[in-house]
Amino acid sequence: MFAPTSSRVYYVTAKRYTTRLPVHRAISTYEEYDVAIIGGGPAGLALASALGSSQVIQKKLRVVLIDAGDLSKVRNWSPPPGTFSNRVVSLTNSSQTFLREIGAWDHVEASRTSPMEEMQVWDGVSDARLKFSATEIGLDVSEDGMARLTEILNLQRGLLRRLEGFSNIKICDKMKVQTITRDSEERGGWPMVHLESSQVLRARLLVGADGFNSPVRSYAGVPSFGWSYDRQGIVATMVHAPRGAFEGPNTTAYQRFLPTGPIAFLPLSPTISSLVWSNRPHIASALIGSGPDVLANMINAAFRLPEVSLRYLFNRIVEAYSKGNPLSGSEIQREIFWREQSHSVDPNSAFASAMVKTREGVPPVDSQFVPPLVSMIQAGSVASFPLKFNHAESYIGEGIGGRTVLVGDAAHTVHPLAGQGLNMGIGDVESLTRCIHNALIQGGDVGSYTALQPYARERYLANHSLMAAVDKLHKLYTTTSEPVVWARSVGIEILNELDSVKAAIMTVAGAQNSKIHSDMTGWNFAAKGVESFVATAQVAKTLSGGLSGIIDTGLHNLLGRR
Amino acid sequence: MQASRVVRALQQARLSTAHGTANPSEIAHFSRLSSQWWDEKGEFGFLHKMNPVRVQFIRQKLLEVFREEGNSERTSEMGIIDGLDVLDVGCGGGLLSESLARLGARTLGVDASESNIAIAKIHASADPKLDTLSYLHAPAEALLESPKRYDVVCSMEVLEHVDNPASFLSTCAELVKPGGHLFLSTISRTPLSYILTILLAEDILRKVSQGTHTYSKFIKPSELVSFFQEHRSTQEIFQLSKSWISPHCPPDAPPRTEAEIRGLIYHPLQAKWTLAPRHAWGATDCNYIFWVRKPSLDP
């Protein structure tokens, strides 16, 4: 799904499909559809389910979903008991409410999901920490938590099961889209989707739910802008001992912002949690390449050791790995132990990890500050992917790329640190469904610009401010720029920063009635908070530069007078 | 299908004799612009944006009447217009006609400009879901020759372009079935409407071609109300004594069961139209939409 890019900043200029088709193909028979969704990922499947579960839409529109993959594998997905897929998403309450409304949530296996009742976020350098819980942010149904951690496959399977109930929605899987062309001008220039089976579909509205390298976006001629973060996201399923009787259940998510990138611990079951760790590519490949033992030890260390020691350990691992002689689990354990000793970490504290066996009885007083100790990585669960920022310039195609609309990753790709990527996609689907419904009851043509404009209006800015906030947070925590580091050492500013993360998560999570607009305010607030902080940091820099300037000229003046 | 039979009958009749109230220079003006009808961001962008609001008003008003009459078949979300005979007078490129047809109405769009009808036909032919829609190049007056009458007659943004509004209104009124509905949208004759629709939209911002509107042709809502207070059908003998709107009501506040005037407000920042609330002060000083109901035959 992700293509590696060498340059840090890239600009995707849209390339149109130029394939010229033989004339007999253009006039051969085709099927008419009102909505053709390209892509059977969570966003595409959610859109199909949403369109199917609306009475009005189901009666009026013929919908088809096309995916190149074999969706029966997802539909029949049955993982061995006690194992979890490594691709996990935190579904906000508004996303869950929407999935419930479209009747899909009942088909998601609830026992494989876990509420996130509390979240702890802290700065890896200053250790400034924020902790917040579902009850604290005023959610009355505390069992729902702030969000629910769910395997993406579990969600996709649920959506596919929901879709089985609709006669009006056709699923075409194992079917590649060969090319997309435009019908003749007199025929309105509607998109024509040519499948590898040589079937042709004529679509009133073509939906691109086809991911980062969206062919629909290319057809629509919509440019997108973005950059790669020079970071790899490592994902893995982590096995650990259950929380003790005095510690509460495993429903706390932890995220530590390290200069190399944030590391997150997302609970799935009492003994299993999911990892999302973004790191520099060379460190990430060394961590993965050194084997699951080293990774497990380093995960424990990354949540506990001071940043300076982590830097040292990363260097050791990379060095050994690049010499073709990667460190073993016991070697890295020894290294971590030495670092703990040099920082005089109390071996009975929860911050000690190297030589600790599974703890029994009364836990250390600070056990709530860090996640449980990872004992093992589930076999074959380690994977990594490059992190990117990418935003389409428009969500609706116009002119010769008209009758197209983008949702999910085809429209936007975001850093995973706030866990908002898929939730944004679900927000898109909810908004687009409402937009299609409103157009239908007013006799509108759902493929027209006029009908789709409310969708773009509702989602573009909301997504953009969220993406900007997440992007700035990433940059803020990974920067080595002096004034920011100085501000960090003060600590208090960072606390404000974490506050804006908190505000965002709180509002998104708190939007139980799934009102899109209330989400926006939280993120706008967050974006503003981050902006003002970065601005303050820059002011601090210019001020310090300026001050020395003033003193200099002052001295010159004094000397000059003499 | 009934609508198309009427079309054929009318085409066979000699239409050239009927000149109608449409102004020849206005017809030429819109014929020149006809290719732009379906450019949603072009000359007619304002109308594209206004269209959902017009449909919204038509649905709301019909729903209100059907509810009051206890017509439960027609009160579902998609059943309000479904199956009604609808005439769109001065349909232009077919913006409103297509919407009404999509909602299930047997729709006939007529326009005095041949190129408008040509564009409307081509556009509709690309859409497989418009089989209840037909178009006819004819002045509205030509339809009087056929006995066919309509449940709903609409004429949107047309009144301000005709030469003899009283005659045009009589024609539209005549084409409505007893108990049927007439929807008109137009522009009021006020300083505000001059500033917004002519000075700003045509002369300064150039969003609309110059010469599209003529101030003196604008009609105030109260003038429409007065017209329907006095109007008597010429052909239906049963109706001779009945006026459409009670003669004694004030012309700015007709009874809600007989007529309604609502302002259409453009919000430039959001680039969208909204339907102003009933009796909102000053809301009908520029664009407005008007509904009036033809008295039914039953006493």
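How many residue pairs are in polar contact across the interface of chain B and chain A? I'd like to start there today, with the reminder that what we are looking at is a predicted model. The rule finds 13 such pairs, counting those in which both residues have a pLDDT of 80 or more.

On the chain B side, the elements that contribute two or more residues to the surface touching chain A are α3 (45-68), α4 (95-102) and α5 (114-125) of chain B. Of these, α3(B) supplies the largest share, namely six residues. If we sort that side of chain B by class, we have nine nonpolar, five polar and nine charged residues.

Charge also appears in the pairing across the interface, where the rule finds four salt bridges between chain B and chain A. One of them joins B:K41 to A:E398, and there the closest N and O atoms are 2.7 Å apart.

As for the extent of the contact, 23 residues of chain B and 24 residues of chain A take part. Together the two chains bury about 1900 Å², with 48% of that area on carbon and sulfur atoms.

Let me finish with confidence in chain B, whose mean pLDDT is 85, with 90% of its residues reaching 70 or more. Within chain B, strand β1 (residues 85-89) has the highest confidence, at 97, whereas helix α1 (residues 2-12) has the lowest, at a mean of 49. Residues 9-18 of chain B have a pLDDT below 50, and in the model this stretch has 15 contacts beyond near neighbours in sequence.

Terms used
Residues numbered from 1 in each chain as written. Chains lettered and ligands numbered in written order. Predicted model: local features only at pLDDT ≥ 70, side-chain atom pairs only at ≥ 80, totals over all residues. Heavy atoms only, no water. Contact = heavy atoms within 4.5 Å. Buried area = accessible area lost by both parts, 1.4 Å probe. Salt bridge = Lys/Arg side-chain N within 4 Å of Asp/Glu carboxyl O. Polar contact = N/O pair within 3.5 Å; in protein donor to acceptor, adjacent residues only side chain to side chain. Helix = DSSP H or I, 4+ residues; strand = E, 2+ residues; numbered from the N terminus. Nonpolar A, V, L, I, M, F, W, Y, C, P; charged D, E, K, R; others polar. pLDDT = per-residue confidence, 0-100.
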